[in-house]
Amino acid sequence: MPGDRDHPGCLIGESLMSRVYNFSAGPAMLPEAVLQQAQAELPDWHGAGASMMEMSHRGKEFVSVHAEAERDIRDLLGVPDNYSVLFLQGGATAQFAAIPMNLLRGKRKADYILTGSWGEKAVHEARKYCDVHVAASSEDLQFTAIPARDRWTLSTDAAYVHYTPNETIGGVEYHWVPDTGDTPLVGDFSSTILSRPLDVSRFGLIYAGAQKNIGPAGVTVVIVRNDLMGNAWSTTPGVFDYAQQAKADSMLNTPPTYAVYMAGLVFQWVKKQGGLAAMAAINMRKAQKLYAAIDASSFYSNPVERSCRSLMNVPFVLANPALDNEFLSGATAAGLTTLKGHRSVGGMRASIYNAMPEAGVDALIHYMADFEKRNA
Ligand SMILES: *Cc1c(COP(=O)(O)O)cnc(C)c1O
């Protein structure tokens, strides 16, 4: 029954709505408490008589929301003082271009480590701006593993080393931070940021589109070490010039005010859950039980090497792909939606970001076992 405690359906505000467990890779589920708070504050934010999305980005209300969002993500990640936190637009995809424009600093070459499709896209874009050296790749293993650090052929003259800590499509995640010596390390954290603690001081730059683990689409978080800014190409668009944006408090133009507000609510929610150590414990438990269920069956399988399986995106295939459509339609009917794998790999993918309740993973495991029993 909708509204029942044991059912994903729930009571939102005045209206009875049925909330599903949404396994979408992105835009992804948001915490229900955040949606309810946003709903309550929507027409009249804190007695201001207007919605946050109707307010000037120069006004004291939005400026305070923006400042608090920055403070909270700094707290959560323990961002050191010599790093700037920027809230930009254009998604992670814009950063694929902005990173070489800003970080080459007179050099011509950058090293890239390839472990999946997003890394390939980053390389494709960077090639427009610099000499890309692919220093390691797991393409020969169909991107089901991560090349060991001692097999990377890093350049001595690279401006930075770029990698993808979590490949959202293949479900391949680094459970270690690579050591790149004095060459700044750059990570695309779009689908893993805030899932567990991170030592930001190991990085030159971290970036993440919001729509997986931070908030709605429209804002991109860039955390950059201050000494790496200020040498962008003169042709860099102002909105993508980190130094200009840092100086303007990320408001060189009108920022995505509502997306920043929503991200701020999510940061507060993560803090309330106990911060990143608490998130990590929950995420570990969710992922472990799902992988255990997949591994225990010959009906389902996951191709990724065990040491680099993603805590956030769990792809799996059915031994008999002729059952895929039936699996998906049955899942949707059970309130478990968007489990279809990426079009490039097929099969299924369960994205289980911070906002996916453990009960959602339990419901999926239960459905999988039941479907197997009916079809094995
Ligand atoms: C989703 C995703 C992107 C693309 O993000 P956009 O906001 O669509 O540009 C890039 N990298 C990774 C790892 C992703 O998961």
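Here are some notes on the domains, the ligand site and two backbone details of this predicted model.

1. Ground rules. The model is predicted, so local features need pLDDT of at least 70 and side-chain atom pairs count only at pLDDT 80 or more, while totals for chains, interfaces and linings use all residues. Numbering runs from 1 along each chain as its sequence is written, and side-chain values use heavy atoms, with hydrogens and water left out.

2. Domains. You'll find two in the assignment: domain 1 covers 55-271 and domain 2 covers 275-375. Those bounds come from an automatic or database domain assignment. Between the C-alpha centres of the two domains there are 28 Å. On the contact itself (heavy atoms within 4.5 Å), domain 1 puts in 24 residues and domain 2 puts in 25.

3. Buried area. About 2,000 Å² is buried between domain 1 and domain 2, with 60% of that from carbon and sulfur atoms. Buried area here is the accessible area (1.4 Å probe) that two parts lose on being put together, summed over both. On the domain 1 side, T144, I169 and S195 account for 24% of what that domain buries against domain 2, more than any other three residues.

4. Polar side of the interface. There are zero salt bridges between the domains, taking a salt bridge as a side-chain nitrogen of Lys or Arg within 4 Å of a carboxyl oxygen of Asp or Glu. Polar contacts do turn up, in 13 residue pairs with both residues at pLDDT 80 or more. The term means a pair of N or O atoms within 3.5 Å; within protein, one must be able to donate a hydrogen and the other to accept it, and residues adjacent in sequence count only if both atoms are side-chain atoms.

5. Which elements from domain 1 touch domain 2? Those giving two or more residues are α2 (60-77), β9 (172-173) and α6 (257-272), and α6 gives the most, with three residues. Helices (H or I, at least four residues) and strands (E, at least two) are DSSP runs, numbered from the N terminus.

6. Ligand. Residues around the ligand (a heavy atom within 4 Å of it) include W118, N166, Q211 and K212. For polar pairs, look at T93, with a side-chain N or O atom 2.5 Å from a ligand oxygen, and D188, with a polar side-chain atom 2.6 Å from a ligand nitrogen. A92 uses a backbone N or O atom, 3.2 Å from a ligand oxygen.

7. Backbone. The G26 to P27 peptide bond is cis, with omega near -10°; P27 sits in the loop between β3 (21-22) and α1 (32-41). H46, in the loop between α1 and α2, has phi near 45°, a positive value in a residue other than glycine.
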